[in-house]
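Student: I'm new to this one. Please take a close look at a single part with me, the charged side chains that pair up, and then show me where that part sits in the whole.

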Amino acid sequence: MQSVFTGPVYVVKDNIDTDQIIPAQYLTLVPTIREEYEKLGSYALCGLPESLYATRYVKEGQLDSEYPIVVGGRNFGCGSSREHAPIALGSAGCRIVLAESFARIFFRNSVATGELYPCELTERLCEVLKTGDVVTVDLDATTVTVKATGKVFKFKPLGDVRPVVDAGGLFNYARKTGMIAK
């Protein structure tokens with residue numbers, strides 16, 4: 001499995017809720033239908049207020065984002081328990097969300113769906129980085145390295161949830177490990 005990811009970051013602040021990640025009107029899209037899964041990604045983070053986030057996570061008319069890594073503050077993914085939130089981010093091409101803390105249900109949905117790695121930071125990177133900065137995230141070393149400065153930041157190890165995300169989610173992991181029949 002891939003353990004090193006490099007790319008530009010999309011930076012948000014505290015309390016990004018699931019309505020901002022994927023507004024309710026798009027919850028009728030069914031992620032198990034390929035075309036609807038792809039369309040879901042085009043709406044990822046479209047609920048963010050334009051007055052605070054002038055750069056859109058997914059450009060108008062596109063299905064994918066140019067930002068494979070999202071950096072957030074405290075309580076990322078708060079709000080309702082919609083599994084569509086990590087799925088929309090994953091569909092848009094997000095592989096990792098680095099945040100100071102996560103709402104428990106968003107963290108669990110990220111792992112269960114296998115869409116992205118929810119990595120808990122030990123420092124407030126949403127105040128250090130800006131959208132477009134390029135970083136390298138190493139899941140094995142639990143580090144974030146800023147390309148422009150070489151500065152290295154740490155995050156907490158994923159522990160037992162990493163193999164679940166590596167496998168592509170809870171059901172894939174259960175099949176892979178023999179917990180359920182293939």
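Tutor: Let's start with a word we'll need all the way through: a residue is buried under 20% relative accessible area, exposed over 50%, and partly exposed in between, using a 1.4 Å probe and counting protein chains only. What you see is a predicted model, where local features need pLDDT of at least 70 and side-chain atom pairs count only at pLDDT 80 or more, while totals for chains, interfaces and linings use all residues. Residues are numbered from 1 along each chain as its sequence is written, and side-chain values use heavy atoms, with hydrogens and water left out.

Now to the charged pairs. A salt bridge here is a side-chain nitrogen of Lys or Arg within 4 Å of a carboxyl oxygen of Asp or Glu. By this rule the count comes to 13.

Take Glu127 as the way in. With 49% relative accessibility, Glu127 counts as partly exposed, because that value falls in the range between 20% and 50%. Glu127 forms a salt bridge with Arg124, and their closest N and O atoms are 3.3 Å apart. Follow Arg124 onward and you reach Asp14, whose side chain meets that of Arg124 in a salt bridge at 2.9 Å, N to O. That link joins distant parts of the chain: Arg124 is in the loop between E4 and E5, Asp14 is in the loop between strand E1 (4–11) and helix H1 (18–21), and their positions lie 110 residues apart in sequence. (Helices, H or I with at least four residues, and strands, E with at least two, are DSSP runs numbered from the N terminus.) Arg124 is partly exposed at 23% relative accessible area, and Asp14 counts as partly exposed too, at 21%.

Now for another pair, Glu120 and Lys156, which form a salt bridge with their closest N and O atoms 3.4 Å apart. Glu120 sits in strand E4 and Lys156 in the loop between E7 and H5, so this pair ties together parts 36 residues apart in sequence. Glu120 is partly exposed at 26%, and Lys156 is partly exposed at 41%. Going back to Glu127 and Arg124, salt bridges with shared partners join Lys13, Asp14, Arg74, Glu100, Arg124 and Glu127 into one network.

So much for the pairs; next, the frame around them. Seven strands form an open sheet in the order E4-E3-E2-E1-E5-E6-E7, with mixed pairing; two strands pair if DSSP finds at least two bridges between them. At the edges stand strand E4 (117–120) and strand E7 (152–154), each with a single partner strand, so one side of each has no neighbour in the sheet. Glu120 is in E4, which means that this residue belongs to one of those edge strands. E3 and E4 run parallel and are joined by four bridges, and Val97 stands opposite Pro118 in E4.

One more loop deserves a visit. Ala103 is in the loop between strand E3 (96–99) and helix H4 (104–113), and it is buried, at 11% relative accessible area. Contact means heavy atoms within 4.5 Å; leaving aside neighbours within four places in sequence, Ala103 is in contact with Asn75, Phe76, Gly77 and Cys78. Ala103 and Cys78 are 25 residues apart in sequence but 4.9 Å apart in space, C-alpha to C-alpha. Among those partners, Asn75 has a positive phi of about 65° although it is not a glycine. Asn75 lies in the loop between strand E2 (69–71) and H3, and is partly exposed at 29%.

Finally, step back. The protein chain has six helices and seven strands, and of its 182 residues 48% count as buried. Among contacts with a separation of 6 or more, residues 24 or more positions apart account for 66%. Along its principal axes, the C-alpha trace spans about 50 × 35 × 25 Å. That is the setting for the network of Lys13, Asp14, Arg74, Glu100, Arg124 and Glu127.
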